[in-house]
Amino acid sequence: GGSPPVKAGIAWTGGDPAAALTVFPGHVGNLPVLTDAAHGLGSISLASSRDGIIRRVPMLSVMGNAIVPSLSAEMLRVVQDAGGYTLRTTEAQGETSGGTARPVALRSGAATVPLDGTGQMTVRFSRPQPSLLTPAAAILAPDGPDPGLRARIENRLVLVGSSAPGLFDIRATPLAAGIPGVTIHADIIEQVLQGAFLTRPDWMAGLERLVILLAGLSLTLCLVFERPIIGLVLMAAWVGGA
């Protein structure tokens with residue numbers, strides 16, 4: 001219950017976008033000593049899907065009365081020493097969104113993240129890269145940390161997370177059946193820094209319906225006039241074109 005503390009403000013133009021964001025009924029906070037010392041506080045929660053595969057991640061979510069940025073968004077803000085966020089909504093863009101101000105982009109410093117209408121980002125996942133992971137054993141070894149550890153993490157963004165199955169932070173993505181949830185935040189940070197995003201135009205839904213209609217109509221006509229070979233060719237063309 002309640003609202004978590006926030007370390008950065010969010011400014012937007014147009015109506016309040018909170019109604020369009022992912023809402024969590026409660027939150028589990030950090031230990032006070034960590035919260036007080038942190039330069040940023042972000043949510044690690046990932047949006048669920050019907051099939052359990054993570055494709056999108058909330059970059060902003062509502063907890064209590066607060067709009068909370070994600071862990072990845074806060075890391076990008078803190079590393080740039082940015083004071084807060086600017087949220088661009090459909091109203092600021094002059095787009096139609098059914099009377100609700102829907103978020104379309106989140107900016108902090110020089111980093112801009114494209115959002116869907118619910119404040120989520122479609123993640124462009126990379127293949128698992130074991131070389132980017134440093135196991136806890138390399139840090140907590142009885143004879144001291146791995147001598148090469150400093151060279152690997154100095155001047156880099158470092159995320160700490162768990163990979164033990166019993167801690168329930170193993171996630172499925174389109175490219176991997178089970179990876180630590182913290183690596184998803186790392187993927188987000190990497191693609192923001194590279195500017196490599198997956199985007200979906202707002203007219204895509206209409207185009208998909210039109211393609212389905214035309215494909216069904218053309219195949220129906222081929223069956224009516226008993227032209228199965230032409231129907232097969234058309235089907236291959238529709239599927240290949242899509």
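D51 and R55 join their side chains in a salt bridge, with N and O 2.9 Å apart. The model is predicted. D51 is partly exposed, at a relative accessible area of 45%. R55 is also partly exposed, at 38%.

**Salt bridges**

The count of salt bridges comes to 5. Three of them, including the pair above, are set out here.

| Salt bridge | N to O distance |
|---|---|
| D51 and R55 | 2.9 Å |
| E74 and R77 | 2.6 Å |
| D169 and R171 | 3.4 Å |

Are E74 and R77 buried or exposed? E74 has a relative accessibility of 2%, under the 20% limit, so E74 counts as buried. R77 has 5%, so R77 is buried as well. Both residues lie in helix α2. They are 3 residues apart, about one turn of the helix. Their closest N and O atoms are 2.6 Å apart.

R171 pairs with D169. R171 is partly exposed, with a relative accessible area of 26%.

**The end of helix α2**

Helix α2 covers residues 71-80. Q80 belongs to this helix. Q80 is partly exposed, with a relative accessible area of 30%. Which residues does Q80 contact, leaving aside neighbours within four places in sequence? They are S108, G109, A110 and A111. G109 is 29 residues from Q80 in sequence. In space, the two C-alpha atoms are 6.3 Å apart.

**The largest nonpolar core**

The largest nonpolar core has 28 residues. M59 and L106 touch the most other members. Six elements each supply at least two residues of this core: β4 (60-63), α2 (71-80), β6 (84-89), β8 (111-114), β11 (176-180) and α6 (181-194). Helix α6 gives the most, with 4 residues. In soluble globular proteins, nonpolar side chains tend to be buried together.

What does L106 touch, not counting residues up to four places away in sequence? M59 and L60 are among its contacts. So are A73, Y85, T86 and L87. A111, T112, V113 and L115 complete the list.

**S61 in strand β4**

Strand β4 also holds S61. S61 has a relative accessible area of 2%, so S61 is buried. Residues up to four places away in sequence aside, S61 touches T22, F24 and S43. S61 also touches A66, I67 and V68.

**A hairpin: β10 and β11**

Strand β10 covers residues 170-173. Strands β10 and β11 pair in the antiparallel sense, over 3 bridges. How many residues does the hairpin use to join β10 to β11? The link has 2 residues. T173 stands opposite A176 in β11. β11 is also one of the elements that supply at least two residues to the largest core.

**A nonpolar surface patch**

Which residues make the nonpolar surface patch of about 500 Å²? W203, L207, L210, L213 and L214 make this patch. L207 sits in helix α7, residues 204-224. L207 has a relative accessible area of 37%. That value lies between 20% and 50%, so L207 counts as partly exposed.

Key. Residues are numbered from 1 along each chain as its sequence is written. This is a predicted model: local features need pLDDT of at least 70, side-chain atom pairs count only at pLDDT 80 or more; totals for chains, interfaces and linings use all residues. Side-chain values use heavy atoms; hydrogens and water are left out. A nonpolar core is a set of buried Ala, Val, Leu, Ile, Met, Phe, Trp, Tyr and Cys residues joined through side-chain atoms within 4.5 Å. Buried means under 20% relative accessible area, exposed over 50%, partly exposed in between (1.4 Å probe, protein chains only). Contact means heavy atoms within 4.5 Å. Patches are made of residues with over 30% relative accessible area and no salt bridge: like charges are joined within 9 Å, nonpolar side chains (Val, Leu, Ile, Met, Phe, Trp, Tyr) within 5 Å. Accessible areas come from the Shrake-Rupley method with a 1.4 Å probe; for residues, only the protein chains shown count as cover. A salt bridge is a side-chain nitrogen of Lys or Arg within 4 Å of a carboxyl oxygen of Asp or Glu. Two strands pair if DSSP finds at least two bridges between them.
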